[in-house]
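Open the model in a viewer and colour it by chain. The stops below go through one interface and then a part of the model to treat with caution.

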Amino acid sequence: MKLRSKAGKGMKENTQSKRPLNILLVENDPVDARLCEAELKRAGMQFHFEVVETAEDFRSKVDENTYDVILADYNLPGWNDLEAFEYLRSKQLDIPFILVSGTIGDEVAVDCIKRGISDYVLKDCLPRLPTAVRRALEEKSLREEAALAQKQLVQSDRRFRALMERSADGIVLLNSRGEVVFTSHALNPMLGYSASERLGKSVFEMAHPDDAGRARSVFRDLVERPGAAATVQIRYLSKDGQWRWFECIATNLISEPSVEGVVINYRDISERKQAEEEIRRLNGDLERRVAERTEQLEAANQELKAEIKERRRAEAIVRESQERFRLLVENVKGYAIYMLDPQGRIASWNVGAERIKGYRAEEIIGRSFSCLYPLESVAAGRPMEDLRAAATTGHHEFDAWRPRKDGSLHWANVVISALRDSDGRLTGFSVLTRDITEQRRVREAVERLRRQQELILNSAGNGLCGLDQEGRCTFINPAGARLLGWKPEELAGQVLHNVLHRNSAGGYTCSGEKCLLLGSEGTHRATDDVFWREDGTCLVVDCVSTPILGDEGAVVGTVMAFQDVTERRAVERLKDQFVSMVSHELRTPLTAIRGSLGLLATGKLCLSKEGQTACQRMVAVGVANADRLTRLVNDILDLERLESGRLALAKKRWDSAQLMCAAAGLMGVMAEANGVTLTAGTFSTEVWADSDRIMQVLINLVGNAIKFSPRGGTVHLDAGLGEGEVVFEVKDNGRGIPASMLSQVFERFQQVDASDAREKGGTGLGLAISRSIVTQHGGRIWVDSVLGRGSTFMFSLPLQVAQPAGAEDHVTEAEENSDCGR
Amino acid sequence: MSRKQKKILIVDDDEAVREVTRVTLELLAGWAVSAAGSGKEGIDLAKAEPPDAILLDVMMPEMDGPATLKELCSNPATRQIPVIFLTAKARAAQIQWLRSLGTKGVIPKPFDPLTLASEIEAALGWAPEQETVAERNT
């Protein structure tokens with residue numbers, strides 16, 4: 001028998017909707033089926049009740065209908081209720097399944113419960129069936145509610161996660177210590193860290209040092225207030241090393257069991273911050289520019305106001321000034337001031353013009369200003385030329401002669417200025433004329449005086465220069481500049497101490513202290529100052545410095561006269577050397593004479609035999625040195641007379657052969673005494689000479705040749721013609737002269753060997769005297785020599801070309817003494 | 001009393017001056033005198049037989065007095081020998097210059113034979129001879 005019963009989805013639902021329950025009973029015993037139905041009815045339950053016996057029917061019913069409860073007998077023919085239950089499971093149908101059986105044991109019952117069967121009711125306890133049904137429905141209802149709740153929970157969780165994962169903002173869950181418990185994926189690309197890198201770490205670790213303190217403070221405060229929220233803006237260090245701005249909205253959900261933490265919502269606001277910064281910068285820039293512009297405008301405004309005020313004031317002043325100027329101009333007496341119209345007609349005429357030109361205003365105004373020019377200037381068109389020049393350049397100044405009304409001329413300085421209106425149109429001319437006749441006269445006088453002084457300065461042989469108080473050259477005369485090796489214009493303005501006391505090495509030869517070139521208060525002299533030229537040479541000068549006094553009596557500069565004493569000093573040095581040499585040459589024989597005479601005077605030399613010998617020797621020394629002294633004095637006097645020109649030469653016509661013969665004759669004895677052969681040539685020509693002096697030269701040269709020739713040597717005296725002169729020569733084969741001495745042998749006391757003077761009896765002046773004599777005859781003297789082979793001394797005399805009147809009157813000692821004469 | 005005889009070296013290029021000086025110092029002062037005609041010869045003699053003092057002429061050819069003095073001073077063998085210039089340079093400035101060269105004294109020419117020895121002694125700080133050889137011979 002099949003019992004069908006409709007039932008709802010659950011007791012609760014059934015109760016709420018009052019819908020009858022659909023109950024399917026699987027029972028092969030109709031009695032039991034009725035008992036079950038009866039028990040349920042008795043319990044007051046509303047239901048549709050269907051009964052099936054076979055498995056097929058069961059599957060069919062279950063597939064086609066919806067049942068609230070299934071009741072099943074445990075033992076069914078061919079199948080059992082567990083199979084029925086497994087079928088439901090296979091169909092995933094959650095229908096309360098209550099086992100109703102009369103034979104089931106406890107173990108089976110427990111097994112059935114373990115398998116998921118809702119309950120079991122023994123057939124002999126059927127009154128418990130309604131309770132079991134209600135409880136099964138109740139459990140199902142609870143199960144459904146739980147499943148629904150679970151489903152909703154899962155859905156909610158999925159939504160929550162989806163929201164967090166898909167949110168553009170990063171979400172982080174922190175525990176109360178601020179450590180990251182959860183981090184959403186959205187935060188990873190923002191900072192570049194993976195979630196695992198951040199989990200467990202303090203959220204403040206990566207915060208900017210400037211923001212971390214504030215963020216910790218906010219967090220601590222927030223943690224104390226459950227449910228509270230706070231917003232902070234904070235910078236975090238991203239993994240690529242950049243600081244990024246985040247806006248963090250933190251909510252304290254620590255007390256929320258499902259969260260138990262602080263949820264922070266991160267939003268990357270770097271770009272916003274950057275934009276804000278840019279906006280701030282732009283705003284600042286704009287504000288600054290606005291402020292500047294405002295300031296400029298205000299300043300411009302102020303300037304404009306000030307300018308307007310100033311212009312008004314200036315206009316007032318100009319008006320006042322113009323009036324004053326007009327009055328002034330009209331009353332100026334020292335200057336002729338008048339106006340011209342563009343055509344050159346006189347428009348105004350002041351008192352000065354009347355005084356200088358002689359015209360009164362009423363008689364000149366309206367006339368052409370050319371009446372103020374000389375006639376020849378007018379004829380040459382100068383008036384219009386001058387106006388054109390002024391119109392072109394605006395200002396034309398010149399000096400010129402100008403006639404007065406009475407016809408007299410005055411030298412005028414004229415300034416013509418073009419007058420133009422604000423549009424540049426020529427409105428006329430102003431003419432200012434000064435009578436500078438007197439100035440011209442003074443200037444000309446000054447110029448004459450200057451030229452005169454310049455002439456004096458230029459003609460002065462010594463150097464003259466003016467120095468200002470700083471030692472700068474204000475003028476220098478040509479002689480001075482020439483001495484210093486500069487041009488006058490090169491020295492003008494230069495500090496002469498710097499120029500003239502600086503030597504070629506760049507050092508200063510004057511410290512500047514008490515330097516006359518740097519000025520002096522009184523008149524001072526300096527001797528032997530050294531001035532350096534630009535070419536590195538120097539000159540020795542004596543200077544006299546005299547101060548120039550200004551109008552107030554103060555020193556305004558100095559005039560310095562300087563004289564080149566270089567040559568004089570050189571001569572003085574030579575003179576000193578000569579005096580020293582002469583002193584030595586005179587004192588040496590004098591020492592011998594004084595010593596020998598002093599010894600003799602003691603009388604002690606004659607007391608012994610050896611003393612007597614010494615005595616004789618001392619007498620000989622004294623005599624020899626007295627002779628030497630005599631010769632020396634004679635030679636010195638000779639030389640002095642020759643060189644001072646005080647020795648007049650008694651020139652006469654002489655034959656060269658005659659002179660040579662005479663000299664050879666005089667020197668023959670000496671040559672013989674020295675074992676030297678002396679020969680003389682016979683070249684004959686006329687010479688014009690003082691025979692005594694020429695004989696002195698020949699004797700000196702021949703004597704030297706004999707003295708310096710070895711015994712057995714030869715000395716030859718000869719003469720010959722040169723170009724317009726007769727050349728005498730004395731040749732020996734003696735020791736010769738070193739080349740280094742050749743240029744000196746004619747100097748005073750310049751023996752080749754200084755001991756020669758003693759040993760050979762010379763004074764050291766013979767060749768110097770010879771040179772002087774020859775030079776005074778208009779000839780020259782020189783020597784050729786080879787050391788060790790001999791020397792040839794030569795001198796020349798001009799050939800006789802004319803016979804001076806009275807010359808034959810001279811008769812010389814040489815003429816008289818010569819063996820070869822007459 | 002036996003005193004060691006003073007040895008003097010005269011250096012002068014003028015033979016007459018050398019002879020007069022030698023006679024003066026030998027006969028009047030009793031000193032042993034040697035003489036040289038040039039600076040070079042004087043230096044050689046001074047090295048060979050160092051004298052007690054050198055009387056040195058100033059103006060000599062080749063090596064003059066100052067050059068000879070310089071050479072003597074540079075040689076350890078002659079450095080200690082006192083030198084007196086005997087000179088014809090008579091001007092005060094010249095004598096002052098010669099004194100500055102390191103000599104013991106400067107005696108100008110011509111000299112007085114009677115006082116030459118005492119001038120040398122004074123310059124060298126020697127005690128005057130009690131009795132000269134010449135005096136002893138009388």
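How many residues of chain A are in contact with how many residues of chain B? In this predicted model, 28 residues of chain A touch 24 residues of chain B.

Show the surface of both chains next. Together, chain A and chain B bury about 2,300 Å², and carbon and sulfur atoms account for 67% of it. Select His584(A), Arg587(A) and Thr591(A): these supply 23% of the area that chain A buries against chain B, more than any other three residues.

Now look for charged and polar pairs across the interface. There are three salt bridges between chain A and chain B. One of them joins Asp14(B) to Arg628(A); display both side chains and the closest N and O atoms are 2.8 Å apart. Five residue pairs between the two chains are in polar contact, with both residues at pLDDT 80 or more.

Switch to a cartoon of chain A and select 566–602 and 609–644. These are helix 19 and helix 20, each of which supplies at least two residues of the side that touches chain B. Helix 19 gives the most, with 16 residues. By residue class, the side of chain A that touches chain B has ten nonpolar, eleven polar and seven charged residues.

Last, colour chain B by pLDDT. Its mean is 87, and 90% of the residues of chain B reach 70 or more. Select residues 131–138 of chain B, where pLDDT stays under 50. For this stretch the model has nine contacts beyond four places in sequence.

How values were computed:
Residues are numbered from 1 along each chain as its sequence is written. Chains are lettered from A and ligands numbered from 1 in the order in which they are written. Side-chain values use heavy atoms; hydrogens and water are left out. Contact means heavy atoms within 4.5 Å. Buried area is the accessible area (1.4 Å probe) that two parts lose on being put together, summed over both. A salt bridge is a side-chain nitrogen of Lys or Arg within 4 Å of a carboxyl oxygen of Asp or Glu. A polar contact is a pair of N or O atoms within 3.5 Å; within protein, one must be able to donate a hydrogen and the other to accept it, and residues adjacent in sequence count only if both atoms are side-chain atoms. Helices (H or I, at least four residues) and strands (E, at least two) are DSSP runs, numbered from the N terminus. Ala, Val, Leu, Ile, Met, Phe, Trp, Tyr, Cys and Pro count as nonpolar, Asp, Glu, Lys and Arg as charged, and the others, Gly among them, as polar. pLDDT is the predictor's confidence in each residue, from 0 to 100.
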